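Welcome! Here is a short briefing to read alongside the sequence and the model, taking one topic at a time.

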Amino acid sequence: MEGATEKIWMDGEFLPWDEAKIHILTHSLHYGLGVFEGIRCYKTSRGPAVFRLDEHMRRLCDSSHIVGIDLPYDQATLTDAVLETIRVNKVDSCYIRPLVWLGYGSMGVNPAGAPVRSMIAVWKWGAYLGEEGLEKGIRVKVSSFTSHHPNSYMTGAKTTGNYAVSQLAKMEAVRAGVDEALMIDPEGFVAQGSGENIFLVRDGILKTPPLHGVLRGITRETVMVLAREQGLEVEVEMFARDEVYAADEAFFTGTAAELTPIREVDGRMIGGGKPGPITKRLQTSFFSVVNGEDEAHLSWLTNV
């Protein structure tokens, strides 16, 4: 695997990367119930620093609670394990993947008897949608797959099974020759990307969908804070795809995607077909924060 490091934290101990294995009858492998997080550690002038670590680990614990998985470790222990995993692997920047799943011990839809397992891996991972995407923007298509209804799957939890439809949407988009998918909710309104939140800019106003079947993105929240600090009006409301087509600017946010501009949706150019001024300003502010250059938001960084 590209970017692989040396050690993976698994159930309280460090194992060599290639020896961190599971049984083929692992419950979550068959039935898809597990919870995870995506977190980034950035290289800063003060050393490696993890962006909004506490918020991510709280969401991991909340996700476990929502789906009824009893974590064998508390939030503080898992947070310390993240930092120690970065130290053990001697990396100054990385992507971080904590995962909690139901292991080998029972089969059948009822997971009773399946032990709760956990792991933390870190690896080198650059721009998820490409460096060119960050600079010039990406091409997107509206997916034929519908985002989850909040009563069919608890969308406030970041679960493994929840991402099956995201994978289908992503594969469909790539096969169509574009970079990413835009998913519509069961009522016909814009929901999110395959793994990102979406923002529009129209007449200087920033707009994003409400948390109606959409994961509460930590990067989404960060961008909303930065926008308001810059005096931008931020509206949280439902909108249909036609409003995306007519937007002046659009961009995705997420831990993996960071802040990636959108230059085209369904063959329609967004604005001038390149990152707009508000998108670029917010992107600059975001990277200033995560790289430790914004003194006002150092509390969002946890030094390794």
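**Strand 15 and its partners**

Strand 8 (residues 138–146) and strand 15 run parallel and are joined by three bridges. Keep in mind as you look around that this is a predicted model. After the strands, we will turn to two helix crossings and then to two single residues.

*Strand 15 in its sheet*

- Strand 15 covers residues 258–265, and seven of its eight residues are buried, so the rest of the structure largely encloses this strand.
- To find the parallel pairing with strand 8, look for Ile138, which stands opposite Ile262 in strand 15.
- Strand 14 (residues 249–254) runs antiparallel to strand 15, and four bridges join the two.
- Within that pairing, Phe251 has Pro261 of strand 15 as its bridge partner.
- The link from strand 14 to strand 15 is a hairpin, with three residues making the connection.
- Strand 16 (residues 268–269) also pairs with strand 15 in the antiparallel sense, over two bridges.
- Here Glu264 stands opposite Met269 in strand 16.
- The hairpin of strand 15 and strand 16 has two residues between the strands, and Asp266 in this hairpin takes a positive phi near 50°.
- A general point to remember while viewing: side chains in a regular strand alternate between the two faces of the sheet.

*Helix 6 crossing helix 8*

- Helix 6 (residues 218–229) and helix 8 (residues 277–290) have axes that come within 10 Å and cross at roughly 115°.
- That angle makes helix 6 roughly perpendicular to helix 8.
- The crossing of these two helices is right-handed.
- On the helix 6 side, the contact is made by Thr219, Thr222, Val223, Leu226 and Ala227, while helix 8 brings Leu282, Ser285, Phe286 and Val289.
- Sorted by class, this contact of helix 6 with helix 8 has six nonpolar residues, three polar ones and no charged ones.

*Helix 2 crossing helix 3*

- The axes of helix 2 (residues 53–67) and helix 3 (residues 75–89) come within 10 Å, crossing at roughly 130°.
- Helix 2 and helix 3 are therefore oblique to each other.
- Their crossing is right-handed.
- Helix 2 makes the contact through Leu53, Asp54, Met57, Arg58, Leu60 and Cys61, and helix 3 through Gln75, Leu78, Thr79, Val82 and Leu83.
- By class, the contact of helix 2 with helix 3 has seven nonpolar, two polar and two charged residues.

*Two residues to look up*

- Asn303 lies in strand 17 (residues 301–303).
- With a relative accessible area of 47%, Asn303 is partly exposed.
- Which residues does Asn303 contact, leaving aside its neighbours within four places in sequence? They are Arg46, Pro48, Ala49 and Leu83.
- Leu83 is also one of the helix 3 residues in the contact with helix 2.
- From Asn303 to Leu182 the separation is 121 residues in sequence and 35 Å in space, C-alpha to C-alpha.
- Ser288 lies in helix 8.
- Is Ser288 buried or exposed? Ser288 is buried, because its relative accessible area is 18%, and buried means under 20%.
- Leaving aside neighbours within four places in sequence, Ser288 is in contact with Glu293 and Asp294.

How values were computed
Residues numbered from 1 in each chain as written. Predicted model: local features only at pLDDT ≥ 70, side-chain atom pairs only at ≥ 80, totals over all residues. Heavy atoms only, no water. Axes fitted to C-alpha atoms, helices over the stretch in contact; angles between N-to-C directions. Parallel < 35°, antiparallel > 145°, perpendicular 65-115°, else oblique. Left-handed = near helix turned anticlockwise from the far one by under 90°. Contact = heavy atoms within 4.5 Å. Nonpolar A, V, L, I, M, F, W, Y, C, P; charged D, E, K, R; others polar. Buried < 20%, exposed > 50% of the residue type's maximum accessible area, 1.4 Å probe, protein only. Pairing = 2+ DSSP bridges.
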